[in-house]
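Welcome! Let us take a friendly walk through one protein chain, looking at its aromatic rings and its open space.

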Amino acid sequence: MKLKPGSFLWYLYLDKLYCLLSLRNVKALVDYFHLLDVHRNNTLNDVLFYHFLHHVTNWNRRQIMSVFNMLDWDAVGEIGFDQFYMLVCILLAQQNHLEEQFVFRHSRPVFELLEKDGELRIGAENSHMYKFLFNIKEEEIREFYHDFDIIGDCRLNYKEFKLFTIFAMDKYLEKQKAEKKDKQNEVLLQNSKSHVV
């Protein structure tokens, strides 16, 4: 997913550690939400939601409407600011390649978003349906259920999901360290070449 350049969300800052917006950014987002809310109900219906996401992302109609249905927790055909805020944080985390960090920091709300049936378990079909939301690849989903489905019912409860988030975060941090070490080695190599010349 890419945020379209020049959209309002492009100018918001997501804290890289906690994956939350600053108070100033939340205030700006509240004002933006009220501008989108043309019916003055403090909610966005599916049409407003679709046009907002169509304007700021490159998602297709099916993806946008599946996200709307996921966020419409009580199935009233509208989402409020809380859901909108969560969506914006997910979008910014995706834009900044902080998906693992976001899921780790907000594992309970993410679990509740993905768990749609009220059974307190995430089925593989939900993971496949929303993989675009967190940039999850197909093989990662298979590994995810193979490694963390302790009970073996092809559905994850919250404890199993939390284990996954911890593992994913550790893997992400290792990748960050490796990239940092590679950059340091590259700089050292360039410095040694410049001293030889």
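A helix here is a DSSP run of type H or I with at least four residues, and helices are numbered from the N terminus. With that in hand, helix 9 can be introduced as the element that gives the largest share of the lining of the largest pocket, 11 residues. Please keep in mind that this is a predicted model.

## The largest pocket

How much space lies in the largest pocket? The volume comes to about 930 Å³. Its lining is made up of 35 residues, and E99, E100, N135, E140 and A168 are the ones closest to the centre. Helix 9 is joined by helix 5 (99-105), helix 6 (107-114) and helix 8, and each of these four supplies at least two lining residues. By character, the lining divides into 18 nonpolar, 7 polar and 10 charged residues.

## Rings that pair

Now for the aromatic rings. Searching the whole structure turns up 14 aromatic pairs. One of them joins F8 and Y32, whose rings are stacked. This pair links distant parts of the chain, with F8 in the segment before helix 1 (23-36) and Y32 in helix 1, 24 residues apart.

Are these two residues buried or partly exposed? Y32 has a relative accessible area of 15%, and because buried means under 20%, Y32 counts as buried. F8, at 25% relative accessibility, is partly exposed.

Another pair, F148 with F164, is edge-to-face. F148 belongs to helix 8 (residues 138-148) and F164 to helix 9 (residues 158-196), so this pair ties together parts that are 16 residues apart in sequence. Here both partners are buried.

The table sets out the geometry of the two pairs.

| Pair | Arrangement | Centre to centre | Angle between the planes |
|---|---|---|---|
| F8 and Y32 | stacked | 4.2 Å | 15° |
| F148 and F164 | edge-to-face | 5.8 Å | 75° |

F8 and Y32 also belong to a wider group: ring pairs link them with F33, F52, F81, F84 and Y85 into a cluster.

## Charges over rings

Which residue lies over the face of Y50? That is R61, at 4.7 Å from the ring centre. In a similar way, K162 lies over the face of F104, at 5.0 Å from the ring centre.

## Looking back

If you return to the structure, helix 9 is a good place to begin: this helix holds F164, the partner of F148, and contributes 11 residues to the lining of the largest pocket.

Methods
Residues numbered from 1 in each chain as written. Predicted model: local features only at pLDDT ≥ 70, side-chain atom pairs only at ≥ 80, totals over all residues. Heavy atoms only, no water. Phe/Tyr/Trp six-rings, centres within 6.5 Å; stacked < 30°, edge-to-face > 60°. Buried < 20%, exposed > 50% of the residue type's maximum accessible area, 1.4 Å probe, protein only. Lys NZ or Arg CZ within 6 Å of the ring centre and 35° of its normal. 1 Å grid on protein atoms, 1.4 Å probe; cavity = no way out; pocket = protein on both sides within 12 Å on 5 of 7 lines; lining within 4 Å. Points joined across faces, edges and corners; volume = space filled by probe spheres on them. Nonpolar A, V, L, I, M, F, W, Y, C, P; charged D, E, K, R; others polar.
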